[in-house]
Amino acid sequence: MILYTPLMLEEVYANKDEVKPERSYVTHEGKMFCIDKYPNGEYRLAQLISSNPSDYLNENYQPGSPLH
Amino acid sequence: MNKEENPGEKQNNPSDTLVEKIQALGQTNVPQAGDSNIHVLTIIGQVEGHMQLPPQNKTTKYEHLLPQLVAIEQNPKIEGLIVLLNTVGGDVEAGLALSEMIASLSKPTVSVVLGGGHSIGVPIAVATNYSFIVPTATMTIHPVRLTGLVIGVPQTFEYLDKMQDRVIQFVINHSKIEEETFKELMFAKGNLTRDIGTNVIGKEAVSHGLIDEVGGIKEALAKINELIKENKQDEKGLLQ
């Protein structure tokens, strides 16, 4: 990978050792979701995997949205 | 209720939702649209196949895309497919599997190479009925190689050679490039600093016959609509 940025590499790669959230894939309403579980027990949607472009406009499926 | 099974459920407090939306997207609302007759496959990062890659890699898992391709072929409401590529390559067999699936769809398909469509991204890009490349995008064509321990050098060499041949055959069968030209690009010396091969950019990919046209999403959508129209007329003709 090539980075083209005025930032220092140290800044870009800061917090590299940070604890990564636990990642899992679930299927819901016929769509696949990539879900992150954070150490505080919170679940957030990381990525929607769908070939239907209008799914990406559904505000409930936006990346980062919390799950209840 | 199981937490994991309800990703779409709305929250009760509207102000909380608003704050979360701003945190996640930097904006409050996104446009809404009805169901689209054109579906989109985005192939980004590494094409992940038999081996799971470490989490810092952005990957496209082929086991996620294959069922989507089946659904696209099977669903009568879906009339066309656009493949968006920005990939650094990856698993040869996963890439070839995706390429063959895209090539064998009965519905019109168009690809757009954005940023990069390297290595195994090349067969995926040419697998569609019509391919586009944006002027700044690049495609690296280089030989298939292996790292790590090799036991049985002649056998490994032959296996790799056959694997490479499968890639070459697929590309020449699905694009306008000549076998000679493609092999020349693949084994060219002096273009890449630490490898043999060639990096073709936008217009060059078109002049070699690898990609059909230079263009972006506007051209791709116009082309897919045209192909869908042709496809419908053909079906009508068959019925009459």
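I looked up A:V12 first in this predicted model: A:V12 is partly exposed, with a relative accessible area of 34% (buried means under 20%, exposed over 50%, partly exposed in between; 1.4 Å probe, protein chains only). I place A:V12 in helix α1 (residues 9–12) of chain A, helices being DSSP runs of H or I with at least four residues and strands runs of E with at least two, numbered from the N terminus.

I then checked the surface around A:V12. A:V12 joins A:L3, A:L7, A:L9 and A:Y13 in a nonpolar surface patch of about 420 Å². Patch residues have over 30% relative accessible area and no salt bridge, with nonpolar side chains (Val, Leu, Ile, Met, Phe, Trp, Tyr) joined within 5 Å and like charges within 9 Å; a salt bridge is a Lys or Arg side-chain nitrogen within 4 Å of an Asp or Glu carboxyl oxygen.

For chain A, I noted 1 helix and 3 strands, in the order α-β-β-β from the N terminus. Of its 68 residues, 32% are buried. Chain A exposes about 4,600 Å², 54% of it from carbon and sulfur atoms (Shrake-Rupley method, 1.4 Å probe; for residues, only the protein chains shown count as cover).

I turned to confidence in chain B, where pLDDT (the predictor's confidence in each residue, from 0 to 100) averages 88, and 87% of the residues score at least 70.

Residues are numbered from 1 along each chain as its sequence is written, with chains lettered from A and ligands numbered from 1 in the order written. Local features need pLDDT of at least 70 and side-chain atom pairs 80 or more, while totals for chains, interfaces and linings use all residues; side-chain values use heavy atoms, leaving out hydrogens and water.
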